Every structure is written in structure tokens, then in C-alpha cells.
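This report walks through one protein chain for a reader who has not met it before. It begins with a term that the later description relies on, and then moves from the overall picture to single residues.

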Amino acid sequence: GAAGEIPLAGFPHHQLDAYLPRLVKAGHRVAVCEQLEDPKQAKGIVRRDVVEVVTPGVVLYDKLLDHKAHTYLAAIVGPTREHPLCGLAVADISTGTFMAGDIPPEKLLATLESFQPAELIVNKDDRAWWEPLLAKMAGSPSLTRLESWIFESDFTTTILLRHFDTPSLKGFGADTLTNGRSAAGVVLHYVGETAKASLAQITGLRVLRTDTTMMLDAATRRNLEIDVTMSGTSKGGALIDILDRTVSPMGGRLLRWWLQAPLVEKDRIVKRHGVVRGFVRDAGRTADVRAVMSKIGDLERLMTKVVTNRATSRDLVALRHGLGQLPDLQAFLRGSPFPELHALGDRLHMHDEIVEHLRTALLDEPSVQIGSGAIFRDGYNAELDDVTNALHHGKEWIAAFQERERTETGIPTLKVAY
């Protein structure tokens, strides 16, 4: 339609924290515009452009994220004669979680509801298929309608192979996916166009299967009061509130997913019970592990900030501190008499080089203000030391220079100013 038919409002960047959460939670898309050049160097009007579009499902701002719940973006693809299964892909770009699968039509609604996506992508020309489906869906995710060509198999496959830089998806076990592959490509394309940045945090694709977990639809979750009570209250009284004693955001998100999609395979259930048994029967070691885990922080979202160039100096310090807890965590697990816990310890990877590099580079409590000279340690970089020294001791240097010039020229009244 005409531009006049599109609702539009703007607000200054310094009001971002106040207005962005309200607009996105209301289902609106927010375009973030920035200056692309220094106003002092610009000739005429300063160049500006949209550097990011924030939507309900494409969110990286802390104030819009629940630290113990995922913010999912989903895409669905309808069945065809050639490919009778539906496609579903789900991603949380704040953690790098990415999964897709071919879902039987009769299980699609329950599977979709189990993720509770904040935003759902559909084919605008396939309305006759998805509209009746969404009419039955509990909750109302923000709906994004895209053109049909974005859902084409060749295009979506190219998007996936280019992103993962692989000749096929066989390494992810996703080479046999059909509509699920298309849905995954749609998600990657949409996020890339919206976030306008690399998606380095998405390093893998997990195949979503409905035969390994029990996907609980909204009615079942409500009747069991898993995350919401029968009265509709999301805080206090629900099962998640009673069971959640996790001490890290990552643990909270994982527990929520386990409750929403319980296992149905006996071998995996027995394996998980073995780990639980090890912790229950060794209360002292469990307390030690919990103490360490409480110091780790949210490594998933910290890493996303790093790879998307959003990390502040304090985010890097938090990452350094969190990774620094891994040796103690591994030692506690490996010291367990239960093989299941010992195996968990063996699966941990240490990141000593990264921790040491961050420890060498950053102060214990760096400033978040770039240009303050209070972020990096002395001795980390000689050129940086010179600049920092000039920042903090510039007046003393000018005074000393003035005194030298007076002595060399014999002019006692000579003055040097800057």
C-alpha cells in the first residue's frame, strides 16, 4: 500500500531502553538507525542507515530477554504431494540454538506450541494451509509473512550450505530433511536480513524429531500446570517454579525445555537418571558443583555478544570469569565415584588460552566507556600504553616540554599551549 497506510513512529536513540521493550513486546518491528560517518568529517548531510531491525523473534537486547527462557523464532512449511511432512525450524539467536525437522501434520501444532515462539514466519501465498492451523494455536506469536520464493528448496538449501560452509548437511544428520530444510533456510535468511550481521553464533543444526521426545500441546501443559497455573498465573504455583533450583541461566532454560519435551526413549531416560543418581547420592559434591555453576554466568549469551560485536569490556570480564570456573567444575565431576558424572567431566573443554588472554588484556574492573583509558592493562600493548599515558599525563608532558624549550632557547617567558 501507500506509505501513508503504514503506521510509523520514531524516537531518539537515547530513549532506546525505554521504548524498545514496549514496542517489541507489542509485536512491532523496530528499525535501529545510526550515523555511518563522523559528523565532523562529513560533507553535507551525515550518512545514516538501518543497522538492525529488532523483532519479537530476533532479539539480542538484554532488557528484552528472559534469562531463564528462550526467545524462539520459528518458520513452518506446509506439506505437498511430493513431501507429505510439514517443515518446522526454530532458532534462538541469543544463544545460537538452531533446530529443524520434518514433522507429521498431526503433530505440528503440538510441536509448535511446545516451543512457544515469539515470532512465526509463514508463506504469504500459503494462507489456506497455515491460517486454520494458527486458529487452533494457543497464544498469538507475532506473524511474519514472506514471499513464496524465499521458501523454495534450492534457495533455502543454498542459504544453509553457504552459512555452514559445507558441501552438504550430512554432517548434521539433516541431509534427508525436505520441508524441514526449507524452513531452516527461511529462518537463516530472515535473521540475516533482519539483524544485518553475521550469524557466527549459529554453528550447527540439530535435527528435531518427534519420536524421541513427547511434545506437549498447550492444553496439556496448562492442565499439568508446567509453566502456567490453571488460573493463568505464570509466577508462583506452576511446576517450573517449584522445581527450578538452577543456579545459572543456561540451566534454567534447559530445565524448562526438559519439562516441556520429556524423553520417551528408555536408554536416554536411564542415562539421565544415572546422572541424577550420582548427584543425589553425593550431596557434598553436588553442593560444590552448584557453587561453581553459580559463578559461571550465561556463557551462551555472552559468546553471542562476542561474535556479534556487542560485547562490552565487562561482558568480556564476565566471560573470563565464567570460563575460569571450568577447571574446578571438571575436577569435581571427575572426582565422583559415579561413572556418569565422571563422563560429564571428560566432556568439558578447557579454554585456558582464552582465559589467559583476557586476563592479560583487561583490568579486573574495566570501564565500559571507550576512550577512558581504563579498560586494558598497562603493558598489554605498547602503542596503547603511549596513547593512555598521553590521555592521563598530557598536561605534565606539555609542562616538561615547555621547560625544555625555555632552557634550549633561553627565553624564560616562552609558553607552550594545546
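A crossover is called right-handed if, with the strands pointing away from the viewer, the path from the first strand over the helix to the second runs clockwise. In this predicted model, strand E6, helix H3 (residues 127–135) and strand E7 make a right-handed β-α-β unit of that kind.

**Overall picture**

The protein chain has 418 residues, of which buried residues make up 40%, and its secondary structure comes to 16 helices and 8 strands. Along its principal axes, the C-alpha trace of the chain spans about 95 × 70 × 50 Å.

**The sheet**

An open sheet is formed by 6 strands in the order E7-E6-E3-E4-E5-E8, and the pairing within it is mixed. Its edge strands are E7 and strand E8 (206–207), each of which pairs on one side only. The table sets out three of the strand pairs, with the sense of each pairing, the bridges that join the strands, and one pair of residues that face each other.

| Strand pair | Sense | Bridges | Residue pair |
|---|---|---|---|
| E6 (residues 119–123) and E7 | parallel | 5 bridges | Asn-123 and Leu-146 |
| E3 (residues 73–77) and E6 | parallel | 3 bridges | Ala-74 and Leu-120 |
| E3 and E4 (residues 86–92) | antiparallel | 5 bridges | Leu-73 and Ala-91 |

How many of the residues of E3 are buried? For this strand 5 of the 5 residues are buried, so E3 is largely enclosed by the rest of the structure. Both of its faces are covered, with Leu-73, Ala-75 and Val-77 buried on one side and Ala-74 and Ile-76 buried on the other. Two of these buried residues also appear in the table: Leu-73, which stands opposite Ala-91 in E4, and Ala-74, whose bridge partner in E6 is Leu-120.

The edge strand E7 (residues 142–146) gives another picture, in that its side chains alternate along the strand. Ser-142, Thr-144 and Leu-146 point to one face and are buried, whereas Leu-143 and Arg-145 point to the other face and are not buried. Leu-146, on the buried face, is also the bridge partner of Asn-123.

**A helix with a buried face**

In helix H15 (residues 352–361), the buried residues are Val-355, Leu-358 and Ala-361. Seen down the axis of H15, these buried residues fall within an arc of 140 degrees, so they line one face of the helix. The general geometry is helpful here: an α-helix has 3.6 residues a turn, so residues three or four places apart point the same way. On the other side of H15, Asp-352 and Glu-353 are exposed.

**The second largest pocket**

The second largest pocket has a volume of about 1,200 Å³. It is lined by 39 residues, and those closest to its centre are Asp-66, Ala-69, His-70, Gln-116 and Arg-256. Sorted by character, the lining residues divide into 17 nonpolar, 9 polar and 13 charged.

Which helix gives the most to this lining? Helix H8 does, with 4 residues. At least two residues of the lining are supplied by each of helix H1 (16–25), helix H2 (105–115), helix H6 (218–223), helix H7 (239–243) and helix H8 (249–260).

**Single residues outside the helices and strands**

Two residues in loops have a positive phi although neither of them is a glycine. Asp-165, with a phi of about 55 degrees, is found in the loop between helix H4 (153–164) and helix H5 (179–195). Asn-309, whose phi is near 60 degrees, lies in the loop between helix H11 (299–307) and helix H12 (313–323).

Are these two residues buried or exposed? A residue counts as exposed when its relative accessible area is over 50%. Asp-165 has a relative accessible area of 68% and is therefore exposed, and Asn-309, at 73% relative accessibility, counts as exposed as well.

Towards the end of the chain, Thr-413 has its place in the segment after helix H16 (382–409). At 62% relative accessibility, Thr-413 also counts as exposed. Its C-alpha atom is separated by 18 Å from that of Glu-396, and the two residues are 17 residues apart along the chain.

Notes: Residues numbered from 1 in each chain as written. Predicted model: local features only at pLDDT ≥ 70, side-chain atom pairs only at ≥ 80, totals over all residues. Heavy atoms only, no water. 1 Å grid on protein atoms, 1.4 Å probe; cavity = no way out; pocket = protein on both sides within 12 Å on 5 of 7 lines; lining within 4 Å. Points joined across faces, edges and corners; volume = space filled by probe spheres on them. Nonpolar A, V, L, I, M, F, W, Y, C, P; charged D, E, K, R; others polar. Buried < 20%, exposed > 50% of the residue type's maximum accessible area, 1.4 Å probe, protein only. Pairing = 2+ DSSP bridges. Arc of directions from axis to C-beta.
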